[in-house]
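Please look over the protein chain shown here. The report below treats a few points in its loops, then one helix, then the chain as a whole.

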Amino acid sequence: MKIIDFRFRPPYKDFLKEGQTIYDPKFALPFAAQYGAKLPPSAMEKSMELACKEMDENSIVKAVVPIRVCQGGDNRNMADLFTLYPDRFIGMAGLPTQYDGAVRDSLDFIDEFILEGPYHGAFMEPGFGYNGSFGEHRGAHFADDEVLFPIYEKCRNHGIPLLISYGGFTAPDHSYNDPIHIDHVAAAFPDLTIILAHGCWPYAAEACFMAMLRKNVYLSPDLYMINSPGQYDYTMGANYRLRDKILFGTAYPVIELDRAVNHYRSILREEVQEDVFYNNAVRALGLKD
């Protein structure tokens, strides 16, 4: 069975920059341990070769890579990843939202990096503030803030799938992760494909209901579907009423690929696994299978 991983941070360039925590063992090891996980060999050695090998060993044929511009990621600097590995990685260009003029820059980024560049979709983290921190209210936005509507309009008009980091530790307080804000956006832009990384956690049940209600919303709970409170709501949704809306994601490198794949297989009914592991991502991204 082919698998698409919807949240993957490869050991490459900006993800390895000084000041980034995702490959810093002092942060990543205890963080992974909270989910009963450990860092895979590819993360410990910061090796692209090993990362690709681990993907192949676990039937992961493609992985979605979001560029976190609010935390120092650079779309231009990372662009060659998607030309060097065009059949393996799917780029989601980061769109800034937290500073004055950010929305205007985001519209330019859509032109440069998606419509004219190697990126397939767009990625936003509206809950992050001016200093690149999820603890900063200044510059943070609720998803239904009308200042963001030009971004939604442009993505809709060009058929660009939009991945939003929405849930977990991505905002100054958990009110920013309330699904009602996404519900408002989905209703205002019914032809815009919205994928929610972290699945609005901790609002798992509410997120599932919202995804049932809105045909254009997909949930990628990723690590919050692994040994986490709320995982049973996502699991129940994936197994039954949301089998066409839940997307597999590992949050690599903080969860080993084999651990994530085996966990999902253990909690999903056999008849829905192909949808969650692969088919739903193909549809959400508008890929040709």
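Pro 253 lies in the loop between helix H10 (231-239) and helix H11 (257-267). In this predicted model, the peptide bond that leads from Tyr 252 into Pro 253 is cis, and its omega is near 15°. A cis bond also joins Trp 201 to Pro 202, with omega near 15°. Pro 202 belongs to the loop between S6 and H9.

Two other loop residues stand out by their backbone angle phi. Lys 46 has a phi near 50°, a positive value in a residue other than glycine. Asn 227 is not a glycine either, and its phi is positive at about 50°. The table gives the loop and the relative accessible area of each.

| Residue | Loop | Relative accessible area |
|---|---|---|
| Lys 46 | between helix H2 (41-45) and helix H3 (48-57) | 42%, partly exposed |
| Asn 227 | between S7 and H10 | 44%, partly exposed |

Why do Lys 46 and Asn 227 count as partly exposed? Buried means under 20% relative accessible area and exposed means over 50%, with partly exposed in between. Lys 46 has 42%, so it is partly exposed. Asn 227 has 44%, so it is partly exposed as well.

The next element is helix H8, which spans residues 179-188. Which residues of H8 are buried? They are Pro 179, His 181, Ile 182, Asp 183, Val 185 and Ala 186. The cover over these buried residues includes two helices, H7 (149-157) and H9 (204-213), together with the strands S5 (162-165), S6 (194-197) and S7 (217-220). At the start of H8, the backbone nitrogen of Ile 180 has a side-chain oxygen of Asp 178 within 3.0 Å.

Now the whole chain. Its secondary structure consists of twelve helices and seven strands. The radius of gyration is 17 Å, close to the 19 Å that the globule rule gives for 289 residues, so the chain is as compact as a globular protein of that length. Along the principal axes, the C-alpha atoms fill a box of roughly 45 × 40 × 35 Å.

Of the 289 residues, 58% count as buried. The chain exposes about 11,900 Å², and carbon and sulfur atoms supply 50% of this area. Among contacts between residues at least 6 apart in sequence, 75% join residues at least 24 apart. The chain carries 27 positive and 39 negative charges, and the mean positions of the two groups are 3 Å apart.

Definitions and conventions: Residues are numbered from 1 along each chain as its sequence is written. This is a predicted model: local features need pLDDT of at least 70, side-chain atom pairs count only at pLDDT 80 or more; totals for chains, interfaces and linings use all residues. Side-chain values use heavy atoms; hydrogens and water are left out. Helices (H or I, at least four residues) and strands (E, at least two) are DSSP runs, numbered from the N terminus. The radius of gyration is taken over C-alpha atoms; the globule rule is 2.2 Å times the number of residues to the power 0.38. Buried means under 20% relative accessible area, exposed over 50%, partly exposed in between (1.4 Å probe, protein chains only). Contact means heavy atoms within 4.5 Å. Accessible areas come from the Shrake-Rupley method with a 1.4 Å probe; for residues, only the protein chains shown count as cover. Lys and Arg count as positive and Asp and Glu as negative; His and the chain ends are not counted. The place of a charge is taken as NZ of Lys, CZ of Arg, CG of Asp or CD of Glu. A polar contact is a pair of N or O atoms within 3.5 Å; within protein, one must be able to donate a hydrogen and the other to accept it, and residues adjacent in sequence count only if both atoms are side-chain atoms.
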